[in-house]
Amino acid sequence: MASKNVAKKKETSVALVDESILLQDQGSGAEGMDSQDFMIPRISILQQMSPQVNKRDGQYVEGAEAGDIFNTVTRTATQGDKGITVVPIKYRRAYIEWKPRSSGGGFVRDHGTEGSVLDNCEQDPETFRHVTGDGNEIVTTAEYFIFTVNDSGVYEPALLSMTGSQLKKARRWNSMMNQLKVTLADGNIISPALFYSGYQLTTVPEENDKGTWFGWEVEMLHGDNGGILENMDNGSDIYMAARSFKDQIQT
C-alpha cells in the first residue's frame, strides 16, 4: 500500500508570544463594539412542541428534552430537575407584540413598560388574550436581566422572560426579593439590591384542562440571608459585575 505524506499539524501556544504582549493587546480590535453588537442569551423552558426536541427539525439539539432549560446563544440544554443558578440584576414588566402562529408567528414590537397599549386591544373572551386590530397579540411579560452562574462560578449575562401562567411565578419571585432584608454592622436594616441574592431555577410539570407544559420553580439559595456573598466563593466579584451591568441595561 502506498504511503502518504501527511503534514504534521503545527502546535500553537500562547507561549509563542510573550505574555506581556498579550496583556498589552487584550481586547484589541473590539473597541468599536458595544452592547448593541452582542446577542444576550435568552433562557427558556423547552416544551413538547419546541423545535429543539424534534429530531427532524433543523434547530434540534442532541439530547434535549421537554422540561430542559435552554440557552439560545450557547444552544445548550440543562436538565430541568438539575436547574440553573441565577443572580437577578434588573426587572421590568414589558408589553410585547407577536404575530399569531397562524400568520407565521414572530416578534413584531416591544412596547416597553407602557401598559396603555392594552387599551387599544380587544380581549378574547375564551383565552383572555389581548388582540390588536391587526390580529397580533400583546403579551404581558415579566423580564429579568440575570447572570447565570455555573458550577465553577463563571457568570454570564442572560435574559429570562415569564408570560401567561408563569406570571404568578414572577410575582412570587418578586415578593421573595422584595421581602429580603439585610442587617448592616451599625444595626440598620435595608432592602438590598436584587443582585445581592442568588436563586436556583428548576422546572416542574404543570397542567390544566387545556393541556400540559413545564413551568418554573424558583427557590432562594440557602444561607443566612440568601445572599451571593455567603453562598458563592466569588460572590463579591459577581455582585460588583452585576452592579456594573445594571447601569448598561437599557429598558
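# Exercises on a predicted model

The place of Phe128 is in the loop between strand 6 (122–123) and strand 7 (130–131). The structure used in these exercises is a predicted model.

**Exercise 1.** For the loop residues Phe128 and Arg75, find what sign phi has, and decide which class of exposure fits Phe128 and which fits Arg75.

*Solution.* Begin with Phe128, whose phi is near 65°, a positive value in a residue other than glycine. Most residues other than glycine have a negative phi. The next step is the surface: the relative accessible area of Phe128 is 54%, and because exposed means over 50%, Phe128 counts as exposed. Turn then to Arg75, which lies in the loop between strand 2 and strand 3 and has a phi near 55°, again a positive value in a residue other than glycine. With a relative accessible area of 33%, Arg75 is partly exposed.

**Exercise 2.** Decide whether Gln52 is buried or exposed, and list the residues that Gln52 touches.

*Solution.* First locate the residue: Gln52 lies in the loop between strand 1 (42–45) and strand 2. Its relative accessibility is 9%, and since buried means under 20%, Gln52 counts as buried. Leaving aside residues up to four places away in sequence, Gln52 touches Leu46, Gln59, Tyr60, Val61, Ala64 and Phe70.

**Exercise 3.** Check the span of helix 4 against the value expected at 1.5 Å a residue, and work out where its buried residues lie around the axis.

*Solution.* Helix 4 covers residues 235–248, which makes 14 residues, and at 1.5 Å a residue these should span 20 Å; the end C-alpha atoms are 20 Å apart, so the two values agree. The buried residues of helix 4 are Gly235, Ile238, Ala242 and Phe245. Because they cover an arc of only 85° around the axis, they are on the same side of helix 4. An α-helix has 3.6 residues a turn, so residues three or four places apart point the same way. As a last step, look for the partners of this side: the buried residues of helix 4 pack against strand 4, strand 8, strand 9 and helix 3 (228–231).

**Exercise 4.** Find how far apart Lys246 and Lys90 are in sequence and in space.

*Solution.* Lys246 is found in helix 4, and with a relative accessible area of 34% it is partly exposed. Lys246 and Lys90 are 156 residues apart in sequence, but 6.5 Å apart in space, C-alpha to C-alpha. Not counting residues up to four places away in sequence, Lys246 touches Ile89, Lys90 and Phe195.

**Exercise 5.** Repeat the span check for helix 2, and name the elements against which its buried residues pack.

*Solution.* The 13 residues of helix 2, residues 167–179, should span 18 Å at 1.5 Å a residue, and the end C-alpha atoms are 18 Å apart, which agrees. Its buried residues are Leu167, Lys169, Ala170, Trp173, Met176 and Met177. These buried residues pack against strand 4, strand 8, strand 9, strand 12 (199–208) and strand 13 (211–220).

**Exercise 6.** Describe the lining of the second largest pocket by class and by element.

*Solution.* The volume of the second largest pocket is about 420 Å³. Of the 20 residues that line this pocket, the closest to its centre are Thr78, Ile84, Thr148, Val149 and Asn150. The elements that each give two or more residues to the lining are strand 2 (69–71), strand 3 (76–78), strand 4 (84–99), strand 8 (137–149) and strand 9 (155–163). The largest share, 3 residues, comes from strand 2. Sorted by class, the lining has 8 nonpolar, 9 polar and 3 charged residues.

How values were computed:
Residues are numbered from 1 along each chain as its sequence is written. This is a predicted model: local features need pLDDT of at least 70, side-chain atom pairs count only at pLDDT 80 or more; totals for chains, interfaces and linings use all residues. Side-chain values use heavy atoms; hydrogens and water are left out. On a 1 Å grid over the protein atoms alone, a cavity is a set of points where a 1.4 Å probe fits but cannot get out, and a pocket is an open set with protein on both sides within 12 Å along at least five of seven lines; lining residues have an atom within 4 Å of a point. Grid points are joined across faces, edges and corners, and a volume is the space filled by probe spheres set on the points. Helices (H or I, at least four residues) and strands (E, at least two) are DSSP runs, numbered from the N terminus. Ala, Val, Leu, Ile, Met, Phe, Trp, Tyr, Cys and Pro count as nonpolar, Asp, Glu, Lys and Arg as charged, and the others, Gly among them, as polar. Buried means under 20% relative accessible area, exposed over 50%, partly exposed in between (1.4 Å probe, protein chains only). Contact means heavy atoms within 4.5 Å. The expected span of a helix is 1.5 Å times one less than its number of residues. The arc is that of the directions from the helix axis to the C-beta atoms.
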